[in-house]
Amino acid sequence: MNFRYVRYFLAVAEHHGFTRAAAALHVSQPALSQQVKLLEESLGIQLFDRSGRNTRLTDAGEVYLQYVRRAFQALDEGKRAIHDVEDLSRGSLRVAVTPTFITYFIGPLVAEFYARFPNITLQIQEISQERMEGLLINDDLDIGIAFDDGDSPEITSRVLLTEKLTLVVARHHPLAQQHHITLNELNDEKLILLSAEFATRAQIDRSFRQMGLHPQVQMEMNSISAVLEVIRRTSLSTLLPAAIAMQDKELVAIPLAGCQLERTAVLIQRKGAWETAAARVFIEVAQELADKTIKNRNT
């Protein structure tokens with residue numbers, strides 16, 4: 001159905017005649033009459049009674065008018081909603097993060113984003129990087145925060161920050177007072193690590209193989225909070241970013257000497273995906289926070 005036919009019908013109904021409607025629409029009356037006639041033919045029903053001096057809606061026309069007005073109202077509301085989304089007075093965003101970021105990066109990021117854009121609804125989930133990429137590709141997710149380990153051609157990424165992994169121990173641990181730990185000392189450590197589904201664990205195992213290290217992995221867990229709780233209560237240690245330990249007075253982060261266990265945090269999206277206004281400002285806030293984190297680390 002031609003959208004113009006419907007708009008012409010509405011004009012005739014609201015102006016109670018073809019002459020006034022044609023003047024309001026800046027079209028000729030014969031052209032207007034022809035367009036409305038085509039609409040009636042497409043519907044298979046007469047909408048106007050033209051038999052008298054004045055043009056009147058038929059019963060069918062009265063019913064149809066109600067739906068047409070409702071439809072145009074919805075279209076107008078849609079137009080306003082688009083502007084609302086663009087000026088960030090409303091909107092929603094689907095975000096996923098790999099687990100280790102929840103502890104120290106996502107909290108401040110979400111707090112800052114909410115302070116600036118309180119009307120944007122955030123849906124945040126903590127999932128593996130592999131599943132995250134699948135959701136992005138299927139358009140079930142807008143933004144992911146993960147590591148620079150993906151290789152899907154359908155995913156694009158931008159670097160947020162690079163961070164070093166440190167040996168994290170409890171303050172009662174024998175190594176807690178050391179300024180650094182050597183590779184030999186690391187090789188003798190009894191570790192509790194995140195389980196294999198975590199990108200951080202895959203990176204650690206890869207680095208161990210490259211350096212010829214064989215530390216004793218005593219436990220594996222699929223929760224970073226659980227790992228830290230065990231460390232607080234035992235002499236086990238783990239490998240995590242220093243920023244995580246710095247948030248807990250019971251923990252100490254010991255730098256590794258002679259090696260660089262690094263991971264690069266990236267913000268990932270589906271290649272070619274439409275970027276909403278909410279997504280754009282979320283990326284801006286994330287980059288600001290990442291830059292601030294790097295600056296604080298270097299001062």
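**Exercise 1.** In this predicted model, determine which elements make the right-handed β-α-β unit that includes strand S7.

*Solution.* Start from strand S7, residues 190-194. The unit consists of S7, helix H8 (residues 199-211) and strand S8. Next, look at the pairing: S7 and S8 (residues 216-221) run parallel and are joined by five bridges. One position to find on screen is Leu-191, whose bridge partner in S8 is Val-217. Finally, check the surroundings of S7: four of its five residues are buried, so the strand is largely enclosed by the rest of the structure.

**Exercise 2.** Work out where the largest nonpolar core lies with respect to domains 2 and 3.

*Solution.* The core has 42 residues, and Phe-105, Leu-109, Ile-143, Ile-145, Leu-160 and Phe-282 touch the most other members. Helix H11 (residues 277-298) gives the most to this core, 10 residues. Domain 2 (90-161 + 264-298) and domain 3 (164-262) both contribute residues, so the core lies between them. Now take Leu-109: beyond its neighbours within four places in sequence, Leu-109 is in contact with Ile-145, Phe-282, Val-285, Ala-286 and Leu-289.

**Exercise 3.** Classify the aromatic pair of Phe-18 and Phe-48, then that of Phe-113 and Phe-117.

*Solution.* For Phe-18 and Phe-48, the centres are 5.7 Å apart and the planes meet at 65 degrees, an edge-to-face pair. Phe-18 belongs to helix H2 (residues 18-25) and Phe-48 to strand S1 (residues 48-49), so the pair ties together parts 30 residues apart in sequence. Both Phe-18 and Phe-48 are buried. For Phe-113 and Phe-117, the centres are 5.2 Å apart and the planes stand at 45 degrees, so this pair is tilted.

Conventions. Residues numbered from 1 in each chain as written. Predicted model: local features only at pLDDT ≥ 70, side-chain atom pairs only at ≥ 80, totals over all residues. Heavy atoms only, no water. Buried < 20%, exposed > 50% of the residue type's maximum accessible area, 1.4 Å probe, protein only. Helix = DSSP H or I, 4+ residues; strand = E, 2+ residues; numbered from the N terminus. Pairing = 2+ DSSP bridges. Right-handed = clockwise from strand over helix to strand, strands pointing away. Core = buried A, V, L, I, M, F, W, Y, C linked by side-chain atoms within 4.5 Å. Domains from an automatic or database assignment. Contact = heavy atoms within 4.5 Å. Phe/Tyr/Trp six-rings, centres within 6.5 Å; stacked < 30°, edge-to-face > 60°.
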